[in-house]
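Okay, thanks for making time, everyone. I'd like to walk you through one model today, so let me put it up on the screen.

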Amino acid sequence: QVQLVESGGGLVQTGGSLRLSCAASGITFSINYGAWYRQAPGKQRELVAGIGLRSGTNYADSVKGRFTISRDNDKNTMNLQMNNLKPEDTAVYYCYARTGRVYWGKGTLVTVSS
């Protein structure tokens with residue numbers, strides 16, 4: 001059974017940093033596509049950053065230069081380093097993995113105060 005568990009969310013001031021982590025069981029991040037999505041109140045869920053099989057990455061324009069997605073293959077985790085956070089980054093952040101199926105974590109809340 002595949003499980004994705006996010007951690008690292010919390011409350012931070014504008015300009016601060018947070019590091020999200022997604023721990024996987026039943027799936028190996030290093031051989032599959034992984035991503036972080038977010039959903040702000042009243043808005044649709046959107047892609048934040050993705051990382052592919054050969055570690056190619058893609059980012060939403062709104063986070064380029066501030067966020068970095070990475071994998072730790074030894075720990076089978078996927079991480080999102082978020083720097084220079086802004087109030088508009090406030091959202092629930094979800095871990096996503098895709099093999100032949102799609103899997104989602106339950107989310108972790110990030111709140112950026114102004």
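I'll start with the whole chain, then go to the core, and then spend a while on one strand.

First thing to keep in mind: this is a predicted model. The protein chain has zero helices and eleven strands, so if you read the elements from the N terminus on, you just say β eleven times.

How big is it along its principal axes? The C-alpha trace spans about 40 × 25 × 25 Å. The radius of gyration is 13 Å, and that agrees with the value near 13 Å for a compact globule, because the chain has 114 residues. Of those 114 residues, 42% are buried. Now take the contacts with a separation of 6 or more: 52% of them come from residues 24 or more positions apart. As for the outside, the accessible surface comes to about 6,200 Å², and carbon and sulfur atoms own 46% of that.

Okay, inside. In soluble globular proteins, nonpolar side chains tend to be buried together. Here, the largest nonpolar core has 28 residues. Which of them have the most contacts inside that core? Those are Leu 4, Trp 36, Leu 80, Met 82 and Tyr 93. As for elements, the ones that give two or more residues to this core are strands S3 (18-25), S5 (46-51), S7 (67-72), S8 (77-82), S9 (91-98) and S11 (108-113).

Let me stay with S9 for the rest of the talk. Is S9 mostly covered or mostly open? Covered: six of its eight residues are buried.

So who pairs with S9? Let's go partner by partner. Strand S4, residues 33-39, runs antiparallel to S9 over seven bridges. If you want to find that on the screen, look for Ala 35, whose bridge partner in S9 is Tyr 96.

Next is S11. S9 and S11 also run antiparallel, with three bridges joining them. There, Ala 91 has Val 110 in S11 as its bridge partner.

And then there's S10, residues 102-104, again antiparallel to S9 and again with three bridges. These two form a hairpin, with three residues between them. Here Tyr 96 comes back: it stands opposite Trp 104 in S10. So you can click on Tyr 96 and find Ala 35 as a bridge partner and Trp 104 opposite it in S10.

That's my tour. Happy to rotate the view if anyone wants another look.

Key:
Residues numbered from 1 in each chain as written. Predicted model: local features only at pLDDT ≥ 70, side-chain atom pairs only at ≥ 80, totals over all residues. Heavy atoms only, no water. Core = buried A, V, L, I, M, F, W, Y, C linked by side-chain atoms within 4.5 Å. Buried < 20%, exposed > 50% of the residue type's maximum accessible area, 1.4 Å probe, protein only. Helix = DSSP H or I, 4+ residues; strand = E, 2+ residues; numbered from the N terminus. Pairing = 2+ DSSP bridges. Rg over C-alpha atoms; globule rule 2.2 N^0.38 Å. Contact = heavy atoms within 4.5 Å. Areas by Shrake-Rupley, 256 points an atom, 1.4 Å probe, with all protein chains shown as cover.
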